[in-house]
Amino acid sequence: MPLCQRLEALLRASGQCRFLLGRPVTQLVRRQDQVVALQLGNEQLDVEQLVLCAGHRGPSLALPGVQIPVYPLKGYSLTAPISTGHRAPEVSLTDYERKIVYARLGQQLRVAAMVDIVGFDESVEKRRLQSMRRLALETLPMAADYGQAVEWAGMRPATPTGVPIIGGTVYRNLWLNLGHGALGFTLACGSAQRLVEMMG
């Protein structure tokens, strides 16, 4: 089972959380110096503490007095299967000259590269992925079956400095944890631990 699904299963089994999938938050409801609820369509969900970790969509939920300098940068990846006969790297590799990363994920090889500044346009540029596939074939031709790779493009929530925004706000129960760029999964646990310590 993939790691994210295992984490979800553990959280569900703990009985300490509830998942509300497919129900986008449209507004934070405030009263004086605190957030009192989330607006989910026609429904409000009361909150005691709130951590805003909405990636590149975070600024759209910002309240007066809260600055969230996060901008979407579109990145690309290919995830190719590794079969018998392939010689894939056992550790993550970075080709600094070509600005491309290779990371083994079990029996798959993730190839990630490139950044486009295109606002909120999440369309997949085929020529970008073709270029990545060509570079991968030139660099590590026997690492994976690039012809069967799953193509992906998505937004990386970036800050001007590249440093994530983790901490409190002018609202006593509103906390921020966003702006991790391409390192969201890598920094997730450390960022959460740091925020828990700040929240006391």
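Which residues have the most contacts inside the largest nonpolar core? In this predicted model, they are Leu109, Val111, Met132 and Tyr146, and the core to which they belong has 20 residues. Strand 5, strand 7, strand 8 and helix 2 are the elements that give two or more residues to this core. Apart from it lies another core, of 17 residues, which includes Leu38, Leu61, Ile68 and Leu176. In soluble globular proteins, nonpolar side chains tend to be buried together.

Leu109 offers a convenient place from which to look around the 20-residue core. Leaving aside residues up to four places away in sequence, Leu109 touches Leu78, Thr79, Ala80, Ile82, Pro89, Tyr102, Ala103, Arg104, Ala143, Ala144 and Tyr146. One of these partners, Thr79, is found in strand 5 and counts as buried, because its relative accessible area of 9% falls under the 20% limit. With the same exclusion of residues up to four places away, Thr79 touches Gln108, Leu109, Arg110, Gln148, Ala149 and Val150. The contact with Arg110 has a polar component, in that the side chains of Thr79 and Arg110 are joined by a polar contact of 2.6 Å.

Strand 7 spans residues 100–105 and contains Leu105. Is Leu105 buried or partly exposed? Its relative accessibility is 39%, and Leu105 therefore counts as partly exposed. Leu105 and Glu90 are 15 residues apart in sequence, while their C-alpha atoms are 9.3 Å apart in space.

The charged side chains provide a further set of links, for the structure holds 11 salt bridges. One of them joins the side chains of Arg57 and Glu122, with an N to O distance of 3.6 Å. This pair links distant parts of the chain, 65 residues apart: Arg57 lies in the loop between strand 4 (50–52) and strand 5 (71–81), whereas Glu122 lies in the loop between strand 8 (108–116) and helix 2 (126–139). Arg57 is partly exposed, with a relative accessible area of 40%, and Glu122, at 40% relative accessibility, also counts as partly exposed.

In another salt bridge, the side chains of Asp116 and Arg128 meet at 2.6 Å, N to O. Because Asp116 lies in strand 8 and Arg128 in helix 2, the pair ties together parts that are 12 residues apart in sequence. Asp116 is buried, with a relative accessible area of 14%. Strand 8 and helix 2, which this salt bridge connects, are also among the elements that give two or more residues to the largest nonpolar core.

Within helix 2, Arg134 forms a salt bridge with Glu138, and the closest N and O atoms of the two are 3.3 Å apart. The two residues are four places apart in helix 2, so about one helical turn separates Arg134 from Glu138. Arg134 has a relative accessibility of 45% and counts as partly exposed, and Glu138, likewise at 45%, counts as partly exposed. The pair also belongs to a network of salt bridges in which Arg98, Arg134 and Glu138 are linked.

Key
Residues numbered from 1 in each chain as written. Predicted model: local features only at pLDDT ≥ 70, side-chain atom pairs only at ≥ 80, totals over all residues. Heavy atoms only, no water. Buried < 20%, exposed > 50% of the residue type's maximum accessible area, 1.4 Å probe, protein only. Salt bridge = Lys/Arg side-chain N within 4 Å of Asp/Glu carboxyl O. Core = buried A, V, L, I, M, F, W, Y, C linked by side-chain atoms within 4.5 Å. Contact = heavy atoms within 4.5 Å. Polar contact = N/O pair within 3.5 Å; in protein donor to acceptor, adjacent residues only side chain to side chain.
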